[in-house]
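User: I am new to this structure and would like a close look at a single part of it. Please choose one strand and describe its setting in a connected account.

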Amino acid sequence: PSTEKSEVTTDLDKVQKNSNNYVLNNDKYKVTINSNGDISSIWDKSINRELLESPIRLSLQNMTDKYWAAWELNTGDYWNKLGDDYVSGDNIDIKIIEDGSCRTSVQVTRKYRNSTYSQTVRLAAGGQFVTIDNLVDWQEKALLLKAEFNTNSSNEKATYDLGLGAVERGNNTNNLAEVPVQQWADISNSD
């Protein structure tokens with residue numbers, strides 16, 4: 001990396017820290033990370049609409065009723081269920097790791113129970129999506145980790161990235177809780 005700051009002007013704002021929140025901004029999105037380290041808001045500026053119904057959280061679901069808890073995942077065990085517990089606590093470190101004219105990033109590191117969770121939330125200049133990278137040092141037994149992100153958008157169909165193309169499939173069915181996907185899914189509604 002360069003030791004000199006770029007003089008290029010872009011749509012990306014510096015990360016703002018106000019009260020206990022961190023806010024990332026570009027022309028498309030305003031992303032807010034709350035004091036627990038959860039993404040509490042993604043505001044889409046192009047449609048003037050909040051995209052999240054509730055904060056994006058890492059949930060822990062108890063799998064103690066399974067003999068082979070790490071291998072026996074049945075649809076009814078986790079589909080359409082909220083977590084029994086959530087990654088939280090007082091041991092949270094939130095820091096700005098990039099704050100330039102091309103990209104801004106905030107890293108949230110949390111220690112909860114026996115594991116360490118590191119999430120990096122990024123916005124790029126001119127970017128059309130929010131990037132979230134998760135790195136987990138998993139030290140739990142008989143628990144399932146699931147990212148819960150409840151959106152304000154609903155659609156009977158969703159489009160999934162397959163790496164070499166995309167496919168549209170039914171969404172929220174009783175017999176299809178997991179689908180193959182590489183990096184993104186689009187569950188936009190028509191409005």
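**Strand S3 and its sheet**

Analyst: Five strands make up an open sheet in the order S1-S2-S3-S4-S5, with antiparallel pairing. Its edge strands are S1 (16–18) and S5 (49–50), each of which pairs on one side only. The model is a predicted one, in which local features need pLDDT of at least 70 and side-chain atom pairs count only at pLDDT 80 or more, while totals for chains, interfaces and linings use all residues. Residues are numbered from 1 along each chain as its sequence is written, and side-chain values use heavy atoms, with hydrogens and water left out.

Two terms recur below. Strands (E, at least two residues) and helices (H or I, at least four residues) are DSSP runs, numbered from the N terminus. Two strands are said to pair if DSSP finds at least two bridges between them.

The strand chosen here is S3, which spans residues 29–33. Four of its five residues are buried, a term that stands for under 20% relative accessible area, as against over 50% for exposed and values in between for partly exposed (1.4 Å probe, protein chains only).

On one side, S3 pairs with S2 (residues 21–25) in the antiparallel sense, over four bridges. Within this pairing, Val23 has Thr32 of S3 as its bridge partner. The link from S2 to S3 is a hairpin of three residues. S2 is in turn joined to S1 by three bridges, again antiparallel, and there Lys17 has Tyr22 of S2 as its bridge partner.

S3 also pairs with S4 (residues 39–44), to which five bridges join it in an antiparallel arrangement. Here Val31 is matched with Ile42 of S4. S3 and S4 likewise form a hairpin, with five residues between them. In that turn, Gly37 has a positive phi of about 90°.

The wider chain gives this strand its context. The protein chain has one helix and 15 strands, and 33% of its 191 residues count as buried. A further open sheet consists of three strands in the order S7-S6-S12, also with antiparallel pairing. Its edge strands are S7 (85–86) and S12 (143–148), each pairing on one side only. Six bridges join S6 (residues 57–62) to S12, and Arg57 has Glu148 of S12 as its bridge partner.

Finally, of the contacts (heavy atoms within 4.5 Å) between residues at least 6 apart in sequence in the protein chain, 46% join residues at least 24 apart.
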